[in-house]
Amino acid sequence: MSDSEYLRDLFAGGEVHPMLSAGGIRASGIDRAKQVSKGWGEERWLVEESAPWGFKLIHIRAGQRTSLQYHDQKEEACLILRGRAVMYDAASPEDEIRATRVGPGDVVHIKPGHVHRFEGVTDMTMVEVSTPQLDDVVRIADDFARGNGRIAAEHAEER
């Protein structure tokens, strides 16, 4: 499934809304959300970066995996909507990594300093809500040889 087909499948039957912005309200369809392409899939940023929290829809393709990473300050919670993944985690970079299978309905709460990575067993989609430190990423290992923090090239083509 392509990185945009999963959206049509996930939200089948939903109406396509034009952008609405009035007063302190902004409403639009998920197709208008900022899209950040990753080697392993994509993120859709559902609120503006100036919000006091992060809110993303994350899609990981089967057989792909995110960085093995931790955050110095960022705290996040993920709700698995569809698909299955293996979550690798450790209390710190020095600790042994364990593997846990996760699937639809599972909620994963990740505190600062906790090492984590998701690997898609099938195509997997989850919602992530986090504190606002969106660039706080310390990568221990990465299949795409990315460094720490925000990768400018991934954010170059904003929608």
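This section describes an open sheet in a predicted model, with attention to strand 12 and a surface patch that includes one of its residues.

The sheet is open and consists of six strands in the order 3-4-5-12-7-10, and the pairing is antiparallel. Its edges are formed by strand 3 (34-38) and strand 10 (107-110); each has a single partner strand, so one side of each is left without a neighbour in the sheet. From one strand to the next, the twist averages 20 degrees.

Strand 12 comprises residues 124-130 and stands between strands 5 and 7 in the sheet order. With strand 7 (residues 76-82), strand 12 pairs in the antiparallel sense over six bridges. Among the residues of this pairing, Cys78 has Glu128 of strand 12 as its bridge partner.

Two further residues of strand 12 are described here, Thr125 and Val129. Thr125 has a relative accessibility of 2% and therefore counts as buried, the cut-off for this class being under 20% relative accessible area. When residues up to four places away in sequence are not counted, Thr125 touches Tyr6, Leu10, Leu57, Ile58, His59, Leu79, Ile80, Leu81 and Arg82. Of these contacts, Leu79, Ile80, Leu81 and Arg82 fall within the residue range of strand 7 (76-82).

Val129, by contrast, is partly exposed, with a relative accessible area of 39%. Because patch residues must have over 30% relative accessible area, Val129 at 39% meets this condition. Together with Trp53 and Phe55, Val129 forms a nonpolar patch on the surface. The accessible area of the three residues together is about 260 Å².

How values were computed
Residues numbered from 1 in each chain as written. Predicted model: local features only at pLDDT ≥ 70, side-chain atom pairs only at ≥ 80, totals over all residues. Heavy atoms only, no water. Patch = residues over 30% accessible without salt bridge, like charges linked within 9 Å, V, L, I, M, F, W, Y side chains within 5 Å. Areas by Shrake-Rupley, 256 points an atom, 1.4 Å probe, with all protein chains shown as cover. Salt bridge = Lys/Arg side-chain N within 4 Å of Asp/Glu carboxyl O. Helix = DSSP H or I, 4+ residues; strand = E, 2+ residues; numbered from the N terminus. Buried < 20%, exposed > 50% of the residue type's maximum accessible area, 1.4 Å probe, protein only. Pairing = 2+ DSSP bridges. Axes fitted to C-alpha atoms, helices over the stretch in contact; angles between N-to-C directions. Contact = heavy atoms within 4.5 Å.
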